[in-house]
Structure formats: structure tokens, C-alpha cells
Amino acid sequence: MGSDVLPCYLACDVSLSMADHIDELHTGLREFRGAVHADASLAGRVYCSVVGFGEKPQVVQSLLPMDDLGELPEPGPCAGTNFGPLFTFLRSAIDRDVLALERHRLVVHRPLVFFLSDGQPTDPVTWPSAFASLTDPAWPRCPRVVTFGLGDADEEALGRIGTFRTYLGRDGVRVGTALIASVMHVLSTSRPPADRTLSAPGIAKGLPWKRTEGEAGGAR
């Protein structure tokens with residue numbers, strides 16, 4: 001019998017201020033991928049999408065098994081670090097992706113969003129409403145949100161966004177450690193919906209997603 005799956009969304013700030021932290025992010029993503037592959041209880045169960053954001057979100061990798069975790073684009077100048085458009089994008093992406101997984105008769109855990117940033121939002125008035133929509137408890141696909149602050153990240157904002165856990169790099173926590181610890185905790189303590197049918201072995205390889213032209217190269 002096949003396994004249940006956990007959709008994970010890595011939302012990484014790629015504004016210019018993140019230039020000092022991009023190597024740390026790349027290392028963390030590689031450690032995360034390696035840990036998932038090395039653990040038989042996780043391999044094949046963790047699906048991951050990578051989204052970079054600054055002024056607006058851009059898809060680096062669509063939701064896929066962890067075989068090929070995409071590299072983040074280099075940080076660059078942008079008009080702002082807007083949280084709201086990212087949260088709006090994630091709500092739509094989660095709806096679309098979970099529906100596709102369910103159509104393939106996969107058992108889907110409540111999604112997990114990892115939000116990584118070193119700065120303050122440049123849309124302080126508007127992002128809370130977009131976040132409230134993403135985390136609306138009345139929405140069946142409402143994700144758990146883990147935040148990770150790098151450098152001089154706005155701890156107050158991260159605390160508001162982190163509904164599940166909040167980590168700070170200045171406390172000595174590594175990105176990869178935070179990612180894998182959160183995934184392990186969810187899969188070891190939560191149960192997927194009981195009224196879904198488990199997939200047959202290997203069905204994940206037949207999912208209709210692939211890296212699309214333009215990913216990692218522009219806004220989506």
C-alpha cells in the first residue's frame with residue numbers, strides 16, 4: 001500500500017538584503033533534501049515547492065517529490081519585500097496542488113509552509129488580510145506556517161506569521177535543521193484525513209507536474 005504525502009512550500013525572501021544569507025539558504029535546502037532522502041520514513045512522502053519573493057512571488061519549483069529541489073535565484077534589487085502577494089499566491093497554489101494530489105488518490109496531510117526572510121514587510125497595512133485568508137481555520141487546506149528569521153529579521157512580524165513554529169538564525173539554529181525538524185514533527189504526530197484512499201506504490205511518479213519553462217527565471 002502506498003504512503004500519505006505532505007505538501008511543503010518553501011517561501012524564501014530573495015530581495016537584495018538577502019545577498020548575505022543566500023549561501024545559508026542553499027546549504028539549508030541541500031541539507032533538507034539529503035535528510036529526506038536518507039530517512040526511509042520520509043522518502044516519497046514529502047513533496048516540495050520553492051517560491052522566491054520580493055516585490056512579487058516567483059515560482060522556482062512547482063510541487064514535486066524531493067528528488068530535485070530547485071536552486072534559488074540570486075537576490076537582486078526590487079521595489080520592496082511584499083508579504084501579501086506571497087500569501088495570496090500560496091493560497092491559490094495550495095488549492096490547486098492539493099486538488100491534483102487528491103485526484104491521484106493520494107492521502108494528503110495539511111500543508112506546511114516555511115517562510116524565510118531577513119527583513120521587514122514593505123506592505124505592513126495590507127499583508128495581514130492576505131495572511132488571514134491563507135490561515136483561515138474554516139479553509140480545509142489551511143497550512144501550518146513555520147517562520148525562519150535570518151540576520152535582523154522582524155521578530156514581531158515573524159511571530160505573527162509563524163502559526164506552528166518560529167526559528168531565528170541568530171539563536172544558532174540552522175535552516176536545514178529547522179526544516180527537517182518541522183517535517184518530522186508533523187508526520188510523526190498528525191494524521192492525514194481518514195476518508196481518503198492511499199495510493200498504489202509508484203503513483204507519485206505519474207503526477208502531471210514538471211518543471212515548467214520560465215520557472216526560476218521570472219514571476220508566475
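User: How many aromatic pairs does a search of the whole structure find?

Analyst: The search finds 11 aromatic pairs. Keep in mind that this is a predicted model.

User: Take F32 and F114. What's the geometry?

Analyst: Edge-to-face. The centres are 6.1 Å apart, with 70° between the planes.

User: Where in the chain do F32 and F114 sit?

Analyst: F32 is in helix α1, residues 22-38. F114 is in strand β4, residues 112-117. They are 82 residues apart, so the pair links distant parts of the chain.

User: Are F32 and F114 buried or exposed?

Analyst: F32 is buried, and F114 is buried too.

User: Next, F53 and F83. Why is that pair edge-to-face?

Analyst: Because the planes of F53 and F83 stand at 80°, and over 60 counts as edge-to-face. The ring centres are 6.0 Å apart.

User: Which parts of the chain does that pair link?

Analyst: F53 lies in strand β2, residues 46-53. F83 lies in the loop between β3 (57-65) and α2 (84-103). The separation is 30 residues.

User: And F53, buried or exposed?

Analyst: Buried. Its relative accessible area is 1%, and the cut-off for buried is under 20%. F83 is buried as well, with a relative accessible area of 1%.

User: Which residues form one aromatic cluster with F53 and F83?

Analyst: F87, F115, W127 and F131.

User: Switching to charges. What sits over the ring of W139?

Analyst: The charged end of R91, 4.1 Å from the ring centre.

User: And over the ring of F164, what sits there?

Analyst: The charged end of R144. It is 5.8 Å from the centre of the F164 ring.

Conventions: Residues are numbered from 1 along each chain as its sequence is written. This is a predicted model: local features need pLDDT of at least 70, side-chain atom pairs count only at pLDDT 80 or more; totals for chains, interfaces and linings use all residues. Side-chain values use heavy atoms; hydrogens and water are left out. Rings of Phe, Tyr and Trp (its six-membered ring) pair if their centres lie within 6.5 Å; planes under 30 degrees apart count as stacked, over 60 as edge-to-face and the rest as tilted. Helices (H or I, at least four residues) and strands (E, at least two) are DSSP runs, numbered from the N terminus. Buried means under 20% relative accessible area, exposed over 50%, partly exposed in between (1.4 Å probe, protein chains only). A charge sits over a ring if NZ of Lys or CZ of Arg is within 6 Å of the ring centre and within 35 degrees of the ring normal.
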